[in-house]
Amino acid sequence: MSKYQNYKTVNRKIYQYMISIDKFSNGEIEMMIPFLNEERQKKAEKFHYFEDTKRCVLGYILIQYALYKNYGISMPCKWKYNTWGKPILNDFPHIYFNLSHSKKWIVACVSAVKIGVDIEQIQKNVSGLYKYVLGNKELDKVMCMDEYEALDYFFRQWTAKEAYLKYLGKGLNKEMRSVCFDNIISRIYDEGMLVSAKVFQKKIDEQYWYSIVAECSPSELQEITEVTKKDILTFINTI
């Protein structure tokens, strides 16, 4: 039994991790598949492209690494899903986790408070998505920007909104346009109402926007840690 079976003893810190899929060979990924829970194994084996298999496998392992490192929760860990498809730990429903990936990066967070995370690589030719993500005032603003500034603004908004929807546990069942931010600082407005959760953002490699949403203070948000291949392989070998 984990020492955190009694979730009331857990602190409110939010632990953040990131890992690059580029560091791992196909053979190393295949070696990890038996360590996944049964559901995740089946999912990993269905992908047509091995890059997607990498993200599936490493995403699960990264979550498990974070849960074990901070809460002593051993793998394989079983998940269940809420009505909107958000995963929840079967045996530790008051320990929260969230996961996101884009191209080479995977990010994962664990905490005793609700969290939502998103990472996206800044890419061109996405103006057709603006009307689905941005509210009217945001659309007016982005139309006055040059291409680079508009793309940076859009992906910063997109990751913040997606992280908020994941924090709510509703996925894309809620319109992104109904959520806005106070000059992209920490305050969030949902259908015009200020909410208690805050958004924290970081640019990674100058090519990615990363956002995390939680009801916490800045001091409770731990610095994001880049996990190495050595860290993961050492973790796997201790199981």
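**Exercise 1. Find where G59 sits, and work out whether G59 is buried or exposed.**

Step 1: G59 belongs to helix α3. Helices here are DSSP runs of H or I with at least four residues, strands are runs of E with at least two, and both are numbered from the N terminus.

Step 2: G59 has 0% relative accessibility, so G59 counts as buried. Buried means under 20% relative accessible area, exposed means over 50%, and partly exposed is in between (1.4 Å probe, protein chains only).

Step 3: Now look for contacts, meaning heavy atoms within 4.5 Å. Setting aside neighbours within four places in sequence, G59 touches K54, L99 and I106.

Step 4: Try N98 too: G59 and N98 are 39 residues apart in sequence, and their C-alpha atoms are 9.8 Å apart in space.

A word on the model before you go on: it is predicted, local features need pLDDT of at least 70, side-chain atom pairs count only at pLDDT 80 or more, and totals for chains, interfaces and linings use all residues. Residues are numbered from 1 along each chain as its sequence is written, and side-chain values use heavy atoms, with hydrogens and water left out.

**Exercise 2. Lay out the four-strand sheet and place α3 on it.**

Step 1: Write down the order, β4-β5-β1-β11; this is an open sheet with mixed pairing. Two strands pair if DSSP finds at least two bridges between them.

Step 2: Check the edges. β4 (96–102) and β11 (225–226) each have a single partner strand, so one side of each has no neighbour in the sheet.

Step 3: Follow β4 to β5 (residues 105–111): the two run antiparallel and are joined by seven bridges. For H101, the bridge partner in β5 is I106.

Step 4: Add helix α3 (residues 50–71), which packs on the sheet and touches β1 (14–20), β4 and β5. The direction of α3 makes about 30° with that of β5; axes are lines fitted to C-alpha atoms, for helices over the stretch in contact, and angles run from 0 to 180 degrees between N-to-C directions.

**Exercise 3. Do the same for the five-strand sheet, then zoom in on β8.**

Step 1: The order is β6-β10-β9-β8-β7, open, with antiparallel pairing. β6 and β7 are the edge strands, each pairing on one side only. From one strand to the next, the twist averages 30°.

Step 2: Lay α6 across β6, β7, β8, β9 and β10 (208–214); α6 runs at about 150° to β6.

Step 3: Walk along β8 (residues 187–190). I188 and D190 point to one face and are buried, while R187 and Y189 point to the other and are not.

Step 4: Look at both neighbours of β8. Three bridges join β7 (residues 179–181) to β8, with Y189 as the partner of C180. Another three join β8 to β9 (residues 193–204), where R187 partners K198.

Step 5: Close the hairpin of β8 and β9: two residues lie between the strands, and E191 in the turn has a positive phi of about 50°.

**Exercise 4. Describe the lining of the largest pocket.**

Step 1: Count 29 lining residues; K43, P87, L99, H101 and K166 lie nearest the centre. A pocket is an open set of points on a 1 Å grid over the protein atoms alone, where a 1.4 Å probe fits, with protein on both sides within 12 Å along at least five of seven lines; lining residues have an atom within 4 Å of a point.

Step 2: Find the top contributor: β4 gives the most, with five residues.
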